[in-house]
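Let's take a walk through this structure together. Have the sequence and the 3D view open, and follow along as we go.

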Amino acid sequence: MELRKDYFADVRKDGLHEIGQGRPRLDSPGHVTGKTAYFADRNFPGMLHLKMVRSPHHHARIRSIDTSQAEKHPGVVKVLTANDVPHNVYTILILIQIGPEDETVLADGKVRWKGEAVVAVLAETERAAQEAAAKVKVDYEVLPAVFDMEEALKPGAPLVNEYHGQNYYLYDSGECRKVRFGNVEAGFAGADHILEQSYQSSPIEHAPTETTGCVVTPEGNDRFTCYTNTQAMFFTLDNTSIILQMPGSKLHFVGGTVGGGFGGKVDVIVEPIAILAAKLTGRPVCFIYSREEEMQISSPRAAEKVVIKDGLMKDGRIVARKVTGYTDAGAYSRHSPYGAQKGAAHYPGPYTIPNVWIDTYCVYTNRTPSSAMRGFGVTIGDFALEVQMDKLARLIGMDPLEFRFINAYRDGDMKAHRQPTEGAALIECMQEASRAANWPVAEKYMAMSSYRKEA
Amino acid sequence: MAKVPVQFTLNGSEKAEFVESGATLLHALRDKIGDTSPKGGCHQGTCGACSVIIDGELRLSCLTLAETCNGAAITTTAGLAEGGVLHPLQRAFLDAFATQCGFCTPGMIMAAKVLLDRTPNPSREDVVEALSGNICRCTGYEPIIQAVLTAARANSQNAA
């Protein structure tokens with residue numbers, strides 16, 4: 001691997017002795033010998049299996065739940081409903097003061113998406129748990145549902161989540177996250193061209209090879225050890241502590257070995273109910289998503305819609321950008337208010353634009369709750385922004401790479417968030433890309449620098 | 001559920017167990033015998049993480065009934081290293097950064113071993129074909145393919 005140490009040699013400390021050298025990963029000897037212990041590699045005597053009864057409806061009121069036949073099924077040890085959960089309504093980011101609590105551990109009175117957990121069944125074998133779960137009778141009154149973000153925002157749309165009171169997340173800045181910089185309407189008025197385009201994406205499932213799950217064992221003294229593949233150990237510990245109303249000192253989480261996650265294992269879904277089950281039965285419990293559940297129940301990347309309007313000069317300068325972004329949270333917040341907020345920060349792109357206006361909405365619909373996935377909130381935004389950049393270049397007959405050189409931000413430029421740019425290297429990256437891809441640009445662009453503003 | 005006796009050798013050691021009729025070999029290996037090197041990724045024969053070698057053939061242990069393995073010789077990744085020395089495939093996966101989360105690795109190594117046992121000098125296409133039943137979601141396939149080719153070269157050098 002070639003390491004370019006000549007860039008910014010005069011401004012940076014040169015302590016990069018590790019970069020460019022091979023270093024063995026500490027965990028790979030375990031991986032190649034099959035000795036690495038994933039959570040499901042723990043097996044305890046008398047371990048119970050947990051299976052979830054899930055909503056077959058997108059939106060419904062629960063009239064009644066009858067677990068009597070399931071409880072009589074051979075091998076069944078306990079059946080849990082919302083009444084068994086000490087603090088049943090929670091939200092993951094409450095730990096960083098992002099509320100309100102809006103999601104139930106087990107549905108209470110209502111389900112808001114198809115696949116929502118309603119009743120947990122514990123049995124001696126996986127098969128018995130599955131058979132008994134099929135015997136739980138839930139009487140639903142189906143309610144009108146909404147699946148489209150723009151429909152959800154219209155007056156009179158079915159209300160998805162009463163804990164919010166409206167079908168969008170209420171930020172402290174109002175119904176959306178906002179960025180305001182310069183005067184965007186004046187920018188459009190003075191532009192030679194205006195281009196407005198919409199972009200949208202579907203939800204995407206992470207599909208880790210190891211499915212989500214945990215194994216819990218009671219340790220005596222009302223303490224519990226939870227072997228889990230969570231990607232967010234302290235979110236899981238602290239949220240479990242809140243949901244079960246137990247001090248964290250009673251909970252011992254063992255993790256760090258994850259068979260693929262990509263953001264799909266940062267939600268706190270399996271651990272609280274499995275620990276509660278171990279507490280109420282006094283026995284070890286395992287709760288593992290089947291492959292089908294992993295694909296259908298686990299949070300996907302949010303569907304997004306982005307509307308970008310740009311004002312462009314004939315010489316290639318973007319003089320105004322107005323963006324409206326919509327993030328489909330599904331029925332519950334999980335990490336989506338944060339994803340929508342990241343979008344607001346990201347939509348100016350790595351470009352210097354004097355007039356910017358951005359609104360991003362986190363919208364509730366009766367779809368599977370979305371959450372974290374690899375750069376959530378900005379990945380689809382980047383796709384939209386860069387397709388838009390190509391379209392803008394085409395509009396004025398300019399080379400798309402040269403067009404980006406004209407607009408790339410450089411040190412000292414003021415960003416739309418009123419933070420001066422420092423340590424930019426986009427010009428240099430594009431120069432390298434130009435060489436590597438054999439996509440030549442005019443000499444004046446190869447002479448530019450992010451550091452010195454000579455051109 | 002009726003229990004049936006089954007005897008086989010696992011990585012050269014004799015094993016005898018009573019298993020439930022209809023139980024998978026994956027379940028028997030992991031939960032009865034305690035060899036957790038085969039992983040359960042999909043339990044429906046599509047991810048390859050549970051691959052083992054039965055009498056020289058690559059098999060998905062999640063689709064193989066334990067009771068059909070009477071008298072068989074079964075090899076898993078846990079049995080590849082001899083006397084603490086890694087198998088050339090294990091060495092190559094380690095050196096080539098062909099493992100990331102590691103969950104697919106035991107299955108990948110089993111598939112690669114069957115290939116190299118039959119085709120000591122495989123082409124890149126041979127390797128791709130042999131690993132086509134194994135899904136990796138994080139490393140990416142290129143380092144894995146390179147590791148198998150590297151192990152094949154190491155083998156042919158040893159033979160020469």
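What follows goes through two sheets of chain A, then a salt bridge, and then the place where chains A and B meet. Keep in mind that this is a predicted model.

Start with the sheet that has seven strands in chain A. Reading across, the order is S3-S7-S1-S14-S11-S12-S13, and the sheet is open, with mixed pairing. At its edges you'll find strand S3 (76-80) and strand S13 (251-254) of chain A; each has a single partner strand, so one side of each is left without a neighbour in the sheet. If you step from strand to neighbouring strand, the turn is 20° on average, with direction ignored.

Now zoom in on one pairing in this sheet. Strand S11 (residues 213-218) and strand S14 (residues 285-288) of chain A run antiparallel, and four bridges join them. To find your place there, look for Gly213(A), which stands opposite Ile288(A) in S14(A).

Helices pack on this sheet too. Take helix H3 (residues 126-133) of chain A: it touches strand S1 (48-54), S3 and strand S7 (117-123) of chain A, and its direction makes about 25° with that of S1(A). Then there's helix H6 (residues 233-244) of chain A, which touches strand S12 (224-228) and S13 of chain A, with its direction at about 155° to that of S13(A).

Next, some charged pairs. How many salt bridges does a search of the whole structure find over all chains? It finds 30. One to look at is between Lys51(A) and Glu126(A), where the closest N and O atoms are 3.5 Å apart. This pair links distant parts of the chain: Lys51(A) sits in strand S1 of chain A and Glu126(A) in helix H3 of chain A, 75 residues apart. You've already met those two elements, since helix H3 of chain A touches strand S1 of chain A as it packs on the sheet.

Let's move to another sheet in chain A. This one has five strands, in the order S9-S17-S16-S15-S10; it is open as well, and its pairing is mixed. Strand S9 (177-181) and strand S10 (193-200) of chain A are at the edges, and because each has a single partner strand, one side of each has no neighbour in the sheet. The twist averages 5° from one strand to the next.

Inside this sheet, strand S15 (residues 304-312) and strand S16 (residues 318-330) of chain A run antiparallel, joined by nine bridges. Here Val307(A) stands opposite Thr324(A) in S16(A). Helix H10 (residues 379-395) of chain A lies across S10, S15 and S16 of chain A, running at about 150° to S10(A).

Finally, look at where the two chains meet. On one side 25 residues of chain A are in contact with 27 residues of chain B. The two chains bury about 2100 Å² between them, 56% of it on carbon and sulfur atoms. Which residues of chain A lose the most area to chain B? They are His31(A), Val32(A) and Thr209(A), together 30% of what that side buries.

There are two salt bridges between chain A and chain B. One of them joins Arg30(B) to Asp41(A), with the closest N and O atoms 2.7 Å apart. The count of residue pairs in polar contact between the chains is 14. Helix H1 (residues 28-33) gives the most to the side of chain A that touches chain B, with five residues. By class, that side has seven nonpolar, 11 polar and seven charged residues.

Notes:
Residues are numbered from 1 along each chain as its sequence is written. Chains are lettered from A and ligands numbered from 1 in the order in which they are written. This is a predicted model: local features need pLDDT of at least 70, side-chain atom pairs count only at pLDDT 80 or more; totals for chains, interfaces and linings use all residues. Side-chain values use heavy atoms; hydrogens and water are left out. Two strands pair if DSSP finds at least two bridges between them. Axes are lines fitted to C-alpha atoms, for helices over the stretch in contact, and angles run from 0 to 180 degrees between N-to-C directions. Contact means heavy atoms within 4.5 Å. Buried area is the accessible area (1.4 Å probe) that two parts lose on being put together, summed over both. A salt bridge is a side-chain nitrogen of Lys or Arg within 4 Å of a carboxyl oxygen of Asp or Glu. A polar contact is a pair of N or O atoms within 3.5 Å; within protein, one must be able to donate a hydrogen and the other to accept it, and residues adjacent in sequence count only if both atoms are side-chain atoms. Ala, Val, Leu, Ile, Met, Phe, Trp, Tyr, Cys and Pro count as nonpolar, Asp, Glu, Lys and Arg as charged, and the others, Gly among them, as polar.
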